Amino acid sequence: MTVVRIASIAGGVLLVGWTLLSAIRTVILPRSAQVAITRWVFRTLRVPFRLIAGERRTYDARDRVMALYAPVGLVCLPAVWLSLVCVGFTLIFFGVRGSSLSDAFHLSGSSLTTLGFAPADTLAERTVAFIAAGFGLFLAALMVTYLPSMYSAFSRRETEVALLEVRAGNPPSAVEFLQRHHAIGWLDDLDDTWLGWERWFADLEESHTSYPALAFFRSPLPDQSWVVAAGTVLDAASMYMSCIPDGQMGPPGVCVRAGYLALRDIAGFFGIPFDPDPAPDDRISITRAEFDAAMAQLAAAGVPLVDDHAQAWLAFAGWRVNYDGVLLALAQITMAPVAPWTSDRSAPGLGEPRIRRFGRRLHGESAADREADARTYNHFRR
């Protein structure tokens, strides 16, 4: 056996093994893992989808295009796995048989698909053919188990997202959430709600880092989004603790912590930078004027509020700073529908959202800074 044939067998074995390991890490491994093949497939597909869903199109048109992004990616992923394994076994058959690459490819395809239209003559060829057939069946079985698991997690996520419309309106907002619960007399009985969303965030973190394609699966209704739902609940819990007299810190505080940890883990998986330990007075994307307008709206609806609005603002900002940057970045990369205090302040069509970064303080900013911020965010909202 020549050196070329030995190198061909070694290269084929390495390629098949690497592809198989990538498939196992993507489908079976119950933890987040950066898989080169999976990342390449989805990044490559994202380019034409982003071009088709251009900024000049209406949101409904862009939503229809991006709704196909994740499903098409999932279809392409096993095709890429199978193609790489086919190339790997082509190299192995070339080394074992010593014939042309065309004949080796013919035998590789026949074995992987278990069609058997190409004969394997020697014992070595038959052994490799049996192994190739097993790999083909294994990859097919992976996808059979992968899709139900993913859609089960998708269903759990979307149930709560859909139910939020009843409690927080459409598009949902933290102010509407608090108003409606006050109107029905539930404002002092929200502990189970906060704890339920804490479990939702825990499930979100586990499922969207184990199955990252889930982050790009859009809701059945175009005006709903898991990112918007997450931001609405986190803002509602933060306002509840900051603005409502005698608001308990326990359940809503646990909900906010579970939420920002989940969003940070998902953002970290996608390479989104964030400050893991922001200062309570670091700048956030919500302005004091927006917060005061929200307080006025709550007061007009008869919601009981604390007297010290300045302290309430500082308390709210201290909670929001933990998830502000990652929330807006996730709204950007998922092309979330416009909703108050989430996707209404990120610029569409950019690789990263133009948000006010960490390190600028709530106090001591100049009038020029405030005017520049106002112009920037008014431009993004148009």
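Colleague: What does the accessible surface of the protein come to?

Modeller: About 17600 Å², with 62% of that belonging to carbon and sulfur atoms. These are Shrake-Rupley areas with a 1.4 Å probe, where only the protein chains shown count as cover for residues.

Colleague: Ground rules?

Modeller: This is a predicted model, so local features need pLDDT of at least 70 and side-chain atom pairs pLDDT 80 or more, while totals for chains, interfaces and linings use all residues. Residues are numbered from 1 along each chain as its sequence is written, and side-chain values use heavy atoms, leaving out hydrogens and water.

Colleague: How many helices and strands are there?

Modeller: The protein has 14 helices and zero strands. Those are DSSP runs numbered from the N terminus: H or I over at least four residues for a helix, E over at least two for a strand.

Colleague: What share of the residues is buried?

Modeller: Buried residues make up 49% of the 382. Buried means under 20% relative accessible area (1.4 Å probe, protein chains only).

Colleague: And what share of the contacts comes from residues 24 or more positions apart?

Modeller: Such residues account for 72% of the contacts with a separation of 6 or more. A contact is heavy atoms within 4.5 Å.

Colleague: Give me one residue as an example. What is Leu142 in contact with?

Modeller: Ala23, Val27 and Ile28, leaving aside neighbours within four places in sequence. Leu142 lies in helix 6. The C-alpha atoms of Leu142 and Ile28 are separated by 8.1 Å, although the two residues are 114 apart along the chain.

Colleague: Why does Leu142 count as buried?

Modeller: Because its relative accessibility is 4%.

Colleague: Switching to helix 13. How many of its residues are buried?

Modeller: Ten of its ten residues, so the helix is mostly covered. Among them are Asp324, Gly325 and Gln332, alongside Val326, Leu327 and Ile333.

Colleague: What do they pack against?

Modeller: Helix 2 (36-52), helix 9, helix 10 (250-269) and helix 12. Just after helix 13, Met335 takes a positive phi of about 50°.

Colleague: Which residues are buried in helix 7?

Modeller: In helix 7, residues 174-183, the buried ones are Ala174, Val175, Phe177, Leu178, Gln179 and His181. Their cover includes helix 6, helix 8 (191-210), helix 9 and helix 11 (288-300). Gly185, just after helix 7, takes a positive phi of about 80°.

Colleague: Now voids. How many cavities does a search of the whole structure find?

Modeller: Three of 30 Å³ or more. A cavity is a set of points on a 1 Å grid over the protein atoms alone where a 1.4 Å probe fits but cannot get out; lining residues have an atom within 4 Å of a point. Volume is the space filled by probe spheres set on the points, which are joined across faces, edges and corners.

Colleague: What volume does the largest cavity have?

Modeller: About 100 Å³. It has 14 lining residues, and the closest to its centre are Phe217, Arg218, Ser219, Ser225 and Thr334. The lining divides into eight nonpolar, four polar and two charged. Here Ala, Val, Leu, Ile, Met, Phe, Trp, Tyr, Cys and Pro are nonpolar, Asp, Glu, Lys and Arg charged, and the others, Gly among them, polar.

Colleague: And the second largest, what lines that?

Modeller: The second largest cavity has a volume of about 70 Å³. Its lining residues include Val161, Leu164, Glu165, Gln224, Ser225 and Val228. Helix 6 (123-168) and helix 9 (226-243) are the elements that give two or more residues to this lining. Helix 6 gives the largest share, three residues. By type, the lining has five nonpolar residues, four polar and one charged.

Colleague: Last topic, rings. How many aromatic pairs does the structure hold?

Modeller: It holds 18. One of them, Trp200 with Phe201, is edge-to-face: 5.1 Å centre to centre, 75° between the planes. Phe316 and Trp341 make a tilted pair, at 5.7 Å and 55°. Phe, Tyr and Trp rings (the six-membered one for Trp) pair with centres within 6.5 Å; planes under 30 degrees apart are stacked, over 60 edge-to-face, the rest tilted.

Colleague: Which parts does the Phe316 and Trp341 pair tie together?

Modeller: Phe316 lies in helix 12 (309-320) and Trp341 in the loop between helix 13 (324-333) and helix 14 (367-381), so the pair ties together parts 25 residues apart in sequence. Both Phe316 and Trp341 are buried.

Colleague: Which residues do ring pairs link into a cluster?

Modeller: Phe42, Phe49, Tyr69, Phe216, Phe269 and Phe270.

Terms used. On a 1 Å grid over the protein atoms alone, a cavity is a set of points where a 1.4 Å probe fits but cannot get out, and a pocket is an open set with protein on both sides within 12 Å along at least five of seven lines; lining residues have an atom within 4 Å of a point. Buried means under 20% relative accessible area, exposed over 50%, partly exposed in between (1.4 Å probe, protein chains only).
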